[in-house]
Amino acid sequence: MRTLAATVRRPTFEWFAVTLLCTVLTVLAAMEGWLWRIDQSIYDSVLTTWTRPPGPDVAIISIDDASLASLGRWPWSRRVHAALIDRVREADARALVMDILFEAPSNDDPDADRALAQAMRAYGRVVLPMSQATTGSMLSGEVLPLPMFAQAAAALGHSQVEFDSDGIARSVYLWEGFGAARHPQLALALLRLVAPAAAGHYPPPGDTAPDDQQWRRAGWLRIPFAGPPGTYPHYSYRAILAGEVPDAALRGKVLLVGATAAGMADAVPTPTSGLSRPMPGVELQANVFDSLRAGQAVDPLPTWVAALVGAVFVVLLMLTLLYAEASTGLLASFLLAALAVLLAGIGLHLGNWFGPAPAAVGCLLAYPLWSWRRLEATQRYLDAELIALEREGSPLGLNRATTGLTAADPLEQRIRIVRQAAQHRRDVRRFIADTLEHLPIGVVVIDQTNRVILHNERARHLLGAFRSEALLSALRELPWPPYVPMRDGLPDLSGFAGIRQFELTPDKKHYLLVSVADLVTDTSSQPGRVIGLADITMMHEAQRSREDTMHFLSHDLRAPLASILTLIDGYNGTPAEQVAQIPRIARYARSALDLADGLFRLVRAEGSDPKDFVELDLAGLVDSAADEVWPQAHARGIRIDVDTRAAEEEEAIVRGDFSLLRRAVINLLTNAIKYGAANSTVSVSLSAEGPDWVIRVSDQGAGIPADALPKLFKRFSRIVDEGRDKPTGVGLGLLIVKTVAERHGGNVTVESQAGQGSTFELRLPLRNPVTPPIVA
């Protein structure tokens, strides 16, 4: 079995392993550029979202389709370009970039070249491009304008644009050249012409060893584009020549001339180009010029910055996952990934850029990896618990249900075990509920918020309430002792360990033994309570009966015995006089014997076992009882009338104890003879009524007062009335009758009216086996 230390060490080790793995992958992705495509996509999205306003003094003169239609096929005569320069000069434009290569002379009009050069010299602020010369796929040199144009131009600059691996133009080199990086970028050459102070921030590279076999570059610059194509104002070449654009629109402007017509424009895709909208090269130069002048170039941060950010974010996320819930961890993963992108975006807006993809992907990778390991640990634990649950025996003696053969699929096997466990849990719950419901004592369970969460039928019966709220109210209304500290209307056992019991009397007839214990849980500082309720009314009655028995034993049994001893020890008369006291002594002895016999018969009746009962004939039993009391009746002149004719039609067979039933009938007849009028009739009859046989004993005495009827069948009860002789006996006769009747599954009742005698009914079930009644 795995120890607790091993259980703790394994998740900790796996957490460190996942953290290390994700951190290493994130750092390597940042240092090696594995996620450059994602970084570039994020870069483009941020750049498109956070655009900057274009310079208000920058405009583009487009060699567009309208100009081609008006001026003719390309190339145009260089006199046309000379006319454009003169027009710009007359409008007093600040500078002009002719993004057109003039590397070859005009064969058909040599004077046109001289006219163009003259126009350039007259203006004095024209910037011309140069480019790379290639032989096949090899760079072989530089393509410069004709010497006359190069000498007439105010500056030269290269127009090379850098394309990233995905074919998007995002940057340029400020200095390039074959053999040495000596030519400024075209936009930088323009900036050196119109704003030398701003251009001073981008000095040429230091002296390096020339290499006539290589194209050299320096001063890499990422372009912060002002917007998508068309951000800068465009004027048609034709419209400028035709004078349709007023001089005011051109005065003081930095103008860039370039091709935008379909099929001849050197358009390139940029981050802000959008779908199928490449940006003309001349507008890209305008963006470079504007960003250089504003000093807003994007400065890529070292790769270790992206690696550090990614590592920190992964560690933060793993710490969160270690202590947070699964939903919180998922939210933290997305939030940290989004935060990495947001930080990169803010940095780009401020002019610095690092790739956020390693950090974002590292966070998004850490969550499923750690969730997988945690799920694996959970699965291992559940598998172990399920197997243990399946192997262990069922508590409480319940049988475990089986669902067939073991499944080949591990998931199906787990589902089967869980199904069995769930069913078993329901069975146990049902078993506990049924057990609680049938407990002989009442149980009420109250939680920490004073809500009744469990109760059984016995508690509902004892409290006379059938809903949780009513039960709680009934408990609060019990007469709790005044010395008991209370909380919310119930005893507060704070600081008391164990169970406290209270004997309460909700009314004058019933007694309850109430047990209270605290229900303590780890989730609440305030305990609940478990309350047990037991009806001890019968115990009180038994105690009272014992006290009555002791009273009568000490009085009725002790008195005749004491009298006998007094007569024997204290009398000194003649022998004849002593003999005369023998009847009195006999009477005292007979009284004590009657009391002892009555107690013996009561104890025997109370201890009778219905399993020992046999079938007997009630008709013969009634006749035998009548014969037994005939001498007493004859002594008072009373006639006993016996009617058992009902037994002639149907056998009066019952199950019982013959001697006990005979004694019960004798006691009824004895009472009738004792309390009936002299020279009267006592009738005893046997009849079948429904499922019962009924023995009725009637007398013609004075009757029983109504207030005395409830006391007839109580222990040692005797009726004493004015005008009536004090009865003899100890008051156990009718109690014996009642006990015998109940032990036989029947009962005894009495009807009496003053002056009309009394009738006692002993009702017994016909042949039915009986069990002792359960007293509530």
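Contacts between residues 24 or more positions apart account for 70% of those in the protein chain with a separation of 6 or more. In this predicted model, the chain contains 24 helices and 27 strands. Of its 776 residues, 43% are buried. The surface that the chain exposes amounts to about 41,000 Å², and carbon and sulfur atoms supply 57% of that area.

The largest nonpolar core comprises 72 residues, within which Leu-191, Leu-284 and Leu-292 have the most contacts. Helix 12, spanning residues 303-323, gives the most to this core, contributing nine residues. When neighbours within four places in sequence are set aside, Leu-191 is in contact with Pro-196, Ala-198, Ala-199 and Tyr-202, as well as with Phe-289, Leu-292 and Arg-293. A second core, separate from the former, has 45 residues, among them Val-622, Leu-669, Val-684 and Val-697.

Two helices were examined individually. Helix 2 is formed by the 14 residues 36-49. The distance from its first C-alpha to its last is 20 Å, close to the 20 Å expected at 1.5 Å a residue. The buried residues of helix 2 are Asp-39, Gln-40, Ile-42, Tyr-43, Asp-44, Val-46 and Leu-47; aspartate and glutamine are thus listed alongside isoleucine, tyrosine, valine and leucine.

Helix 24 (residues 733-743) includes Thr-739. Thr-739 has a relative accessible area of 12% and is therefore buried, the cut-off being under 20%. The C-alpha atom of Thr-739 is separated by 9.1 Å from that of Phe-713, a residue 26 positions away along the chain.

Notes:
Residues numbered from 1 in each chain as written. Predicted model: local features only at pLDDT ≥ 70, side-chain atom pairs only at ≥ 80, totals over all residues. Heavy atoms only, no water. Helix = DSSP H or I, 4+ residues; strand = E, 2+ residues; numbered from the N terminus. Expected span 1.5 Å × (residues − 1). Buried < 20%, exposed > 50% of the residue type's maximum accessible area, 1.4 Å probe, protein only. Contact = heavy atoms within 4.5 Å. Areas by Shrake-Rupley, 256 points an atom, 1.4 Å probe, with all protein chains shown as cover. Core = buried A, V, L, I, M, F, W, Y, C linked by side-chain atoms within 4.5 Å.
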